[in-house]
Amino acid sequence: MRVLIGMGALLAILAADALPAGAAPRPWCLREGFSGPGNCLYQTFEQCMASARGTGGACIENTAILWKRYNNTRARQGQQRQDGRW
């Protein structure tokens with residue numbers, strides 16, 4: 001019985017975390033506490049700060065978007081250097 005409850009809870013968490021098809025990640029996240037980026041629901045920094053006021057949270061850039069930007073930059077740098085050097 002505990003296994004079924006655990007599996008149901010896991011499925012609920014995974015379903016809540018999924019983005020709808022075609023939905024792009026938003027660039028700003030409201031971080032409350034020290035675990036993970038938080039709620040990435042904000043299109044602008046101002047929207048995020050308006051939600052953060054009074055809660056003690058902070059606004060940070062979405063780490064998924066930063067990671068993609070970093071990888072794209074590294075890929076372009078790799079294309080420019082064909083001689084194998086870093």
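This passage describes the fold, the nonpolar core and an aromatic pair of a predicted model.

The secondary structure of the protein comprises three helices and three strands, and these elements follow one another in the order α-β-β-α-β-α when read from the N terminus. Of the 86 residues of the protein, 8% are classed as buried, while the exposed surface of the protein comes to about 7,100 Å², of which 60% is supplied by carbon and sulfur atoms. Among the contacts that link residues at least 6 apart in sequence, 36% are made between residues at least 24 apart.

The largest nonpolar core consists of five residues, namely L30, Y42, C48, A52 and C59. In soluble globular proteins, nonpolar side chains tend to be buried together. When neighbours within four places in sequence are set aside, the core member C48 is in contact with W28, C29, L30, Y42 and C59, and of these residues L30, Y42 and C59 also belong to the largest nonpolar core.

Two aromatic pairs are found in the structure. One of them is formed by W28 and F45, whose rings adopt an edge-to-face arrangement with a distance of 5.0 Å from centre to centre and an angle of 65° between the planes. Because W28 is located in strand β1 (residues 28-31) and F45 in helix α2 (residues 45-52), this pair ties together parts of the protein that are 17 residues apart in sequence. With a relative accessible area of 34%, F45 is partly exposed, and its partner in the edge-to-face pair, W28, is among the residues in contact with C48.

Terms used
Residues are numbered from 1 along each chain as its sequence is written. This is a predicted model: local features need pLDDT of at least 70, side-chain atom pairs count only at pLDDT 80 or more; totals for chains, interfaces and linings use all residues. Side-chain values use heavy atoms; hydrogens and water are left out. Rings of Phe, Tyr and Trp (its six-membered ring) pair if their centres lie within 6.5 Å; planes under 30 degrees apart count as stacked, over 60 as edge-to-face and the rest as tilted. Helices (H or I, at least four residues) and strands (E, at least two) are DSSP runs, numbered from the N terminus. Buried means under 20% relative accessible area, exposed over 50%, partly exposed in between (1.4 Å probe, protein chains only). Contact means heavy atoms within 4.5 Å. Accessible areas come from the Shrake-Rupley method with a 1.4 Å probe; for residues, only the protein chains shown count as cover. A nonpolar core is a set of buried Ala, Val, Leu, Ile, Met, Phe, Trp, Tyr and Cys residues joined through side-chain atoms within 4.5 Å.
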